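Hi,

Here's the structure I promised to pass on. Have a look at it first, and my notes are underneath.

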Amino acid sequence: MAGEFGVLALQGDFAAHAAAFRDAGTGAREVRRVSELDGLAGLMIPGGESTTLLNLMRDEPWFEALRAFHARGGVVAGTCAGAILLSRDVRPSQPSLGLLDAVIERNAFGRQVDSFEARVDAEAPLGPLDAVFIRAPRFRALFPEVEVLGRYAGEPVLVRQGRVVAATFHPELTGSRALHHYLARLAASKAPVVLTRARARSTARRAARQG
């Protein structure tokens, strides 16, 4: 699989993410159609407004395509609204991809006026990281398969499950490119795909029917 990263360019700060990947020495291109996932090593779902993004994704079978992209080994990352779309359980309830075994609460850090910059505690080579929190969500629960990569004030804000990485903040709005470097290295690695518990059960049932 090629090393190029895609950035979902339907809504949100996709241009800043594409620039951050290029600054990190990774090829990047904006993705607006399902067919443009072909040949990518990974895809970033940027911050923005998760409900607006869901409405825009109705024009094509994005959920099916992104789940298939992940299943065949692609890295799928999300920041802020992207983290919401990746999580299994969203509060208040809305549809999601369910690729990350996490419970997430939308806008849990407050409104736009409550936005702030902070330092995220993370181990080398990732951190510490400068971060911007804008109407940020909060992880309310993480299941055992989910690894915490970074914390702010003791709570998880950057997590990974196999080839899925989610951050509740905006790394692309800072001068740091550590997370984008990390994602490029993950895409080049042999790290396994890890199914969520719900998808693992569904896969097992399908296999049993076919057996």
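Below is what turned up, going from the cores to a helix and then to a pocket.

One thing to keep in mind: this is a predicted model.

Let's start inside. The largest nonpolar core has 33 residues, and the ones with the most contacts within it are Leu126, Phe133, Leu158, Val165, Phe169, Leu179 and Leu183. Several elements supply at least two residues each, including strands S1 (5-8), S4 (75-79) and S12 (164-167) as well as helices H1 (14-23) and H5 (178-188). H5 gives the most, with 6 residues. If you want one residue to click on, try leucine 183: leaving aside residues up to four places away in sequence, Leu183 touches Phe5, Phe21, Met44, Val75, Ala77 and Val165. Apart from this core lies another one, of 31 residues, with Val34, Trp62, Leu66 and Ile84 among them.

Two of those names, Trp62 and Leu66, come up again in helix H3 (residues 62-71), where the buried residues are Trp62, Phe63, Ala65, Leu66, Phe69 and His70. Looking down the axis of H3, you'll see these buried residues fall within an arc of 165 degrees, so they line one face of the helix. Just after H3 comes glycine 73, with a positive phi of about 110 degrees.

Finally, the pocket. The largest one has a volume of about 160 Å³. Its lining is made up of 12 residues, and Gly48, Glu49, Cys80, Asn107 and Arg135 lie nearest the centre. By type, the lining divides into 4 nonpolar, 5 polar and 3 charged residues.

Cheers

Notes:
Residues numbered from 1 in each chain as written. Predicted model: local features only at pLDDT ≥ 70, side-chain atom pairs only at ≥ 80, totals over all residues. Heavy atoms only, no water. Buried < 20%, exposed > 50% of the residue type's maximum accessible area, 1.4 Å probe, protein only. Helix = DSSP H or I, 4+ residues; strand = E, 2+ residues; numbered from the N terminus. Arc of directions from axis to C-beta. 1 Å grid on protein atoms, 1.4 Å probe; cavity = no way out; pocket = protein on both sides within 12 Å on 5 of 7 lines; lining within 4 Å. Points joined across faces, edges and corners; volume = space filled by probe spheres on them. Nonpolar A, V, L, I, M, F, W, Y, C, P; charged D, E, K, R; others polar. Core = buried A, V, L, I, M, F, W, Y, C linked by side-chain atoms within 4.5 Å. Contact = heavy atoms within 4.5 Å.
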